[in-house]
Amino acid sequence: MRLNARRLARTAAALIGTVLVGTGAVAGCASSGSSSQPGASGSTAASSPAAPATASSSNTPAVVAPSSPAAGTPACATSALQVKLGSSNGYAGGVYVVIDFTNTSGSTCTLFGYPGVSLVSGPPYTQIGLAAKRSTSTPEKLVTLAAGTTANAQLQIVDALNFPSANCGPTKATALKIYPPNQTEPVYLPNTSSGCTKPVQIMYIAAVRPGSGTA
């Protein structure tokens, strides 16, 4: 009986040890399961680069910014200008005439590029032949005109009588039709130069430049 009791006690102890080992294994599994949480937080951290994408989209206004100069000094409208002929300089076979553009408005404005010029007859005004061709003798430059200041452009008119009558079809003009640079409203200034009714180039216009050409 005593021997059996001892065997039973040993068996019970072995069983308890087995239970304890199993419990430790379960605890180990539980701890290994909880270690998967850093992996989840890692995936959240990986999504953080989305923030710079939002930041870059906030840079969009910087792309628009360069268009702001459009809100600066406006071009001089025809109505803001007094247009008149300045000094002239004749040469064998033609004449150079300066066209003055004076800002008569109360605000600063700008001129850039070439006036449009043609000879006309009338009124009612009818263009004679070809309009003036652009000359590259003066580089294009933005001219800022404060109120009361002047810019000018030089016009060359070749005498139509230099060409055979059959090729030119000469006729007297009554005026110059002048468009200030980048404007659609012309002015008419009296002028009696001879023009060619046929397509012969007799006029050349330079880009505007600062200052007056009036003698």
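The following questions and answers concern a predicted model of a protein.

User: How many helices and strands does the secondary structure of the protein come to?

Analyst: The protein has 215 residues, of which 29% count as buried. Among contacts between residues at least 6 apart in sequence, 76% join residues at least 24 apart. The secondary structure comes to five helices and 14 strands.

User: In what order do the four strands of the open sheet stand?

Analyst: The pairing in this open sheet is antiparallel. Strands β5 (126–128) and β11 (187–190) stand at the edges with a single partner strand each, so one side of each is left without a neighbour in the sheet. From one strand to the next, the twist averages 45°. The order is β5-β4-β10-β11.

User: Which residue in β11 is the bridge partner of Lys177?

Analyst: Strand β10 covers residues 175–179 and runs antiparallel to β11. Four bridges join β10 to β11. For Lys177, the bridge partner in β11 is Tyr188.

User: Which strand gives the largest share of the largest nonpolar core?

Analyst: In soluble globular proteins, nonpolar side chains tend to be buried together. The largest nonpolar core here has 33 residues, and Phe101, Leu155 and Ile178 have the most contacts inside it. Its largest share, five residues, comes from residues 150–158, strand β8.

User: Is Leu155 buried or exposed?

Analyst: Leu155 is found in strand β8. Beyond its neighbours within four places in sequence, Leu155 is in contact with ten residues' worth of surroundings that include Val95, Tyr96, Leu176 and Met203. A residue counts as buried under 20% relative accessible area. Leu155 has a relative accessible area of 0%, so this residue is buried.

User: What is the distance in space between Leu155 and Lys133, C-alpha to C-alpha?

Analyst: In sequence, Leu155 and Lys133 are 22 residues apart. In space, C-alpha to C-alpha, they are apart by 9.7 Å.

User: Which residues does Ile178 touch, not counting those up to four places away in sequence?

Analyst: Ile178 is one of the residues with the most contacts inside the largest nonpolar core. Phe101, another of those residues, is among the residues that Ile178 touches. The full list is Val83, Ile99, Phe101, Gly116, Val117, Glu185, Pro186, Val187 and Leu189.

User: What is the volume of the largest cavity?

Analyst: Rolling a probe the size of a water molecule over the atoms shows where empty space is left. A search of the whole structure finds one cavity of 30 Å³ or more. Among the residues that line the largest cavity are Leu119, Ile128, Cys196 and Met203. Its volume is about 40 Å³.

Technical notes: Residues are numbered from 1 along each chain as its sequence is written. This is a predicted model: local features need pLDDT of at least 70, side-chain atom pairs count only at pLDDT 80 or more; totals for chains, interfaces and linings use all residues. Side-chain values use heavy atoms; hydrogens and water are left out. Two strands pair if DSSP finds at least two bridges between them. Helices (H or I, at least four residues) and strands (E, at least two) are DSSP runs, numbered from the N terminus. Axes are lines fitted to C-alpha atoms, for helices over the stretch in contact, and angles run from 0 to 180 degrees between N-to-C directions. A nonpolar core is a set of buried Ala, Val, Leu, Ile, Met, Phe, Trp, Tyr and Cys residues joined through side-chain atoms within 4.5 Å. Buried means under 20% relative accessible area, exposed over 50%, partly exposed in between (1.4 Å probe, protein chains only). Contact means heavy atoms within 4.5 Å. On a 1 Å grid over the protein atoms alone, a cavity is a set of points where a 1.4 Å probe fits but cannot get out, and a pocket is an open set with protein on both sides within 12 Å along at least five of seven lines; lining residues have an atom within 4 Å of a point. Grid points are joined across faces, edges and corners, and a volume is the space filled by probe spheres set on the points.
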